[in-house]
Amino acid sequence: MDKNKGVVARAKIVYFFKETFRAHSRAEYREIFSRGLNEDNSGVTGAYPFLYVRAFLALFILFTVNIVILRLTDNMLYLPSITFLGGITFTIPFIILFFELYPKRDIALFVLLAILVIGGTISGVLSQLAFSVIKVNNDWVGALITGLVEETCKAAPALIAILVCKQKNSYASFLIAASVGAGFSVIEDMGYIFYYSDKLVQFYSTGVGNIIILFVERGLSSMCTHLLWTGAIGWAFSIKKPYRSFSLFVLMTSILMHFCWNLPLTGWVKVVDIAACVLVASAINIAIVHISRVTTLASEIDLTRVNAAIIREAKLINARTLYTNAASFTFAFTVGLLSVIMLLLCALPIGIEYTNREFADKDEFVAYIQGGYELDADLSRKYDPDGVNVEVKYIENEITYAVQCDGIEGVDGEYFYGYYLRGDGTGELDSISVGLEFNGRYSRYLAKEYTFGDETEWLFEVNALELRDYRYNRDGSVTAIVDAEDFEGYGYLIGLCAAGVAISAACCVVLVAFRIKLRGRLKNEG
């Protein structure tokens, strides 16, 4: 008996794999997109999930292409598309997978996407309204408040959507609520990617790498956070009325999971905490999906008969389907690996011309720009008609421009003030520079206006030759873009390019082998 069950389980896995990567007809795509929209939506689908893999691969490749263009051109116009694709590449295929696993035909994919957009937006608005009223300074209390606010604000539109859709099936309720959580996750992920990537004025060196790291971190975490936490609440809500209070318990569990995820921990303790949250959330929701799916199927059909049919169909796969599907899988796997290699090439500091330099605060940045000298540009200094002009310019034997200087207290150097002169002997300040010795050479350095939030300062650019740009961050730190000391990372470049060529060559060899094998099998059968 146990052996028969093992055979059934293996057949299901094998058939699931083959169904996922085989070629699918237009009718199969049409069935997925029209499911839940026809007049007769009774019965079960009888289909295995396959669209989610194609959706993920397509979005992943599009994200990679946009990242490559940004890395090569530093064109900020690609930031919106990267932000959008980065927010949906993992989450949308995950919702599609849940939809394809739902056995009944009474829910439309378009309805779920609408719930995702509308429910996610409503939950986001509610949470931001709540955060605007609640102010917390303690990180531990803030983690608890965040879990309480966000899970409650997601649960409200999720439960409303379940009631509006008039769904009583536990899996359907899970699916609708998970769509709301996915919408909230997409908005949050896009916000994180945009905010933290925009902290740099340009994407020199590590800027693109930061985006890729956020894309992977936020994408992978979304599959075991908002989407699953909210889905569990919707599933609990579908329990019959005598047990409806169970949904409150699940809501509190989701809040607790969210609190544990946001705990202000560091180091290995944080890693263990996140790993535990991932394992618990995944286990709970896998159990919910499995139990709900089996229960739904059991109410419609005889599972034993279906399993036997699966085994027969798996054995009847002919040679053409076998090799064609293997070739399709090989090609998709190769394209995915090449996309990963391209992302690594973009993220690593290969042949960079610029790099980032972080300063803890404005004063540290000012000291760097002014070469460590304590200098102060006196914007209020007036032209002294009785003073000594160290430089003058004439037009028709009349002085029109003059430069006067003052000493610097405690420093061997002087300030130089340039004035445009009027006919009445007064002058309008034009420029300020400083003359002093830096790195063994005496030079004159101009003062330039720098902006730090709402404040403006004139700084003498003594040590700004390598500075390309800077950004004053909200936390008071300053990010400077400076010249890299040298070009680096060519070892990474050669290694990754070699890996890409090897993978492509191996793919071509495997595809040709499949083609030859297929022709030989068909010739023998003919």
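Which residue takes a positive phi in the hairpin of β6 and β7? Hold that thought while we look around this predicted model.

Let's begin with the sheet. Strands pair through backbone hydrogen bonds, and they can do so in a parallel or an antiparallel way. Here, six strands make up an open sheet with antiparallel pairing, and their order is β2-β3-β4-β5-β6-β7. The edges belong to β2 (391-395) and β7; each has a single partner strand, so one side of each is left without a neighbour in the sheet. Going from one strand to the next, the twist averages 25°.

Now zoom in on β6, residues 441-452. Strand β5 (residues 427-438) runs antiparallel to β6, and six bridges join the two. One pairing to look for is S433 with its bridge partner in β6, L446. Strand β6 is also joined by six bridges to β7 (residues 455-460), again running antiparallel. Here you can pick out E449, whose bridge partner in β7 is W458.

Back to the opening puzzle: the hairpin of β6 and β7 has two residues between the strands, and G453 is the one with a positive phi, near 65°. Look for a helix here too: α15 (residues 362-369) lies across β6 and β7, at about 25° to β7.

Finally, find helix α12, residues 267-298. How far apart should its ends be? At 1.5 Å a residue, its 32 residues should span 46 Å, and the end C-alpha atoms are 47 Å apart, which agrees. Some residues of α12 are buried, among them D273, C277, A281, N285 and I288.

Methods: Residues numbered from 1 in each chain as written. Predicted model: local features only at pLDDT ≥ 70, side-chain atom pairs only at ≥ 80, totals over all residues. Heavy atoms only, no water. Pairing = 2+ DSSP bridges. Helix = DSSP H or I, 4+ residues; strand = E, 2+ residues; numbered from the N terminus. Axes fitted to C-alpha atoms, helices over the stretch in contact; angles between N-to-C directions. Contact = heavy atoms within 4.5 Å. Expected span 1.5 Å × (residues − 1). Buried < 20%, exposed > 50% of the residue type's maximum accessible area, 1.4 Å probe, protein only.
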